[in-house]
Amino acid sequence: MRAIPFSRLFMVAALGGALVLSPLSASAFESELFSLKNRWEHTVTEMPANQRESTLRALAGEAERLAQQNPNQAEVLVWQGIVLASYARERGGLGALGTAGDARTVLERAVEIDPTGGNGSAYVTLGALYDRAPGRPLGFGNSATAERMFQRALEIRPDGIDVNYYYAAFLKEEGNTQAAREHAQRAVNGTARESRQRSDEALRRDAEALLREL
């Protein structure tokens with residue numbers, strides 16, 4: 001789906017403490033994010049459908065807290081947006097529009113910090129959000145914006161399974177069958193990322209099913 005003055009001695013002590021604590025803070029942040037990614041991947045690829053919504057709601061709460069603690073970490077914001085977008089998809093209907101809008105806001109903030117959008121992941125998710133949301137006045141859906149987001153993702157990671165699958169699905173809806181077939185095949189032939197092995201393989205299977213429909 002935003003000085004208190006210190007004495008010189010105290011300033012040196014504070015800086016020294018920051019240098020010592022910084023690696024630990026980074027390690028803790030990376031560990032929490034790693035755990036969040038793994039549980040999201042398990043949820044969307046292996047968990048029964050009737051359990052996904054409540055689990056994603058809980059994960060969205062965790063992602064929000066992590067983002068509040070690390071507001072300028074683009075990777076955290078990208079993952080908050082991904083989790084929110086997944087939660088919105090599971091909720092479905094008009095009730096999910098607020099969550100989808102929150103996902104869009106977070107992802108756009110991530111792109112402001114990191115123009116690559118987490119190696120294209122932010123743009124893929126934004127493309128899917130703009131594709132699936134209803135248009136005005138109910139929502140923010142916009143095919144032209146979705147197209148731009150997918151194209152930006154392709155510039156960054158042209159062989160990505162996720163990039164090509166979601167773009168293929170979009171092209172099918174737009175009636176561009178030939179291009180949809182091309183990108184679905186690229187998704188089938190793509191290499192799964194080590195950090196997203198299960199979800200990428202699930203999307204590869206979705207791309208194979210999409211090819212059979214085209």
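Asn 164 makes a handy way into this predicted model: with a relative accessible area of 0%, Asn 164 is buried. Its place is in helix 7. Setting aside residues within four places in sequence, Asn 164 is in contact with seven partners that can be taken in two groups: Leu 154, Pro 158 and Asp 159 come before it in the numbering, while His 183, Ala 184, Arg 186 and Ala 187 come after it. Of these, Ala 184 and Ala 187 turn up again below, as they belong to helix 8 and take part in its meeting with helix 9.

Stepping back to the whole chain, there are nine helices and zero strands. Read from the N terminus, the order of elements is simply α-α-α-α-α-α-α-α-α. The protein chain has 214 residues, and buried ones make up 44% of them.

Much of the interior can be described through its nonpolar core. In soluble globular proteins, nonpolar side chains tend to be buried together. Here the largest nonpolar core has 57 residues, and Leu 33, Trp 40, Leu 129 and Tyr 165 are the ones with the most contacts inside it. Helix 3, covering residues 74–91, supplies the largest share of this core, with 10 residues. For Leu 33, the contacts beyond four places in sequence are with Leu 66, Glu 75, Val 76 and Trp 79. Glu 75, Val 76 and Trp 79 fall within the 74–91 stretch of helix 3.

Trp 40, another of those core residues, leads on to the far end of the chain. Ser 199 is found in helix 9, and counts as buried at 6% relative accessibility. Ser 199 is in contact with Trp 40, Glu 41 and Thr 45, leaving aside its neighbours within four places in sequence. Along the chain, Ser 199 and Trp 40 are 159 residues apart, yet their C-alpha atoms are separated by 9.4 Å.

Helix 9 also has a partner in helix 8. Two packed helices are described by the angle between their axes and the distance between the axes. For helix 8 (residues 177–189) and helix 9 (residues 197–213), the angle is about 145° and the axes are 8 Å apart. The crossing of helix 8 past helix 9 is left-handed. On the helix 8 side, the residues that meet helix 9 are Arg 181, Ala 184, Gln 185, Ala 187, Val 188 and Asn 189; helix 9 brings Arg 204, Ala 207, Glu 208, Leu 210 and Leu 211. By type, this contact divides into six nonpolar, two polar and three charged residues.

Leu 211, which lies in helix 9, shows the meeting from one residue's point of view. Not counting residues up to four places away in sequence, Leu 211 touches Arg 181, Ala 184, Gln 185 and Val 188. Arg 181 sits 30 residues from Leu 211 along the chain, with 6.1 Å between their C-alpha atoms.

Next come the aromatic rings. Across the whole structure, a search finds six aromatic pairs. In one of them, Phe 150 and Tyr 167 are tilted, with 5.6 Å centre to centre and 40° between the planes. Phe 150 is in helix 6 (residues 143–156) and Tyr 167 in helix 7 (residues 161–173), so this pair ties together parts that are 17 residues apart in sequence. Both rings belong to buried residues: Phe 150 has 0% relative accessibility, and Tyr 167 has a relative accessible area of 5%. Another pair, Tyr 165 with Tyr 166, is edge-to-face, at 5.2 Å centre to centre and 65° between the planes. Tyr 165 is buried at 15%, and Tyr 166 counts as buried at 17%. Phe 150 and Tyr 167 also join Phe 170 in one aromatic cluster.

Finally, a couple of backbone oddities turn up in the loops. Most residues other than glycine have a negative phi, and most peptide bonds are trans. Against that background, a cis peptide bond joins Arg 136 and Pro 137, with omega about 5°. Pro 137 is found in the loop between helix 5 (121–132) and helix 6. Asn 119, though not a glycine, has a positive phi of about 60°. Asn 119 has its place in the loop between helix 4 (97–113) and helix 5, and is partly exposed, with a relative accessible area of 43%.

Definitions and conventions: Residues are numbered from 1 along each chain as its sequence is written. This is a predicted model: local features need pLDDT of at least 70, side-chain atom pairs count only at pLDDT 80 or more; totals for chains, interfaces and linings use all residues. Side-chain values use heavy atoms; hydrogens and water are left out. A nonpolar core is a set of buried Ala, Val, Leu, Ile, Met, Phe, Trp, Tyr and Cys residues joined through side-chain atoms within 4.5 Å. Buried means under 20% relative accessible area, exposed over 50%, partly exposed in between (1.4 Å probe, protein chains only). Helices (H or I, at least four residues) and strands (E, at least two) are DSSP runs, numbered from the N terminus. Contact means heavy atoms within 4.5 Å. Axes are lines fitted to C-alpha atoms, for helices over the stretch in contact, and angles run from 0 to 180 degrees between N-to-C directions. A crossing is left-handed if the near helix is turned anticlockwise from the far one by less than a right angle, and right-handed if clockwise. Ala, Val, Leu, Ile, Met, Phe, Trp, Tyr, Cys and Pro count as nonpolar, Asp, Glu, Lys and Arg as charged, and the others, Gly among them, as polar. Rings of Phe, Tyr and Trp (its six-membered ring) pair if their centres lie within 6.5 Å; planes under 30 degrees apart count as stacked, over 60 as edge-to-face and the rest as tilted.
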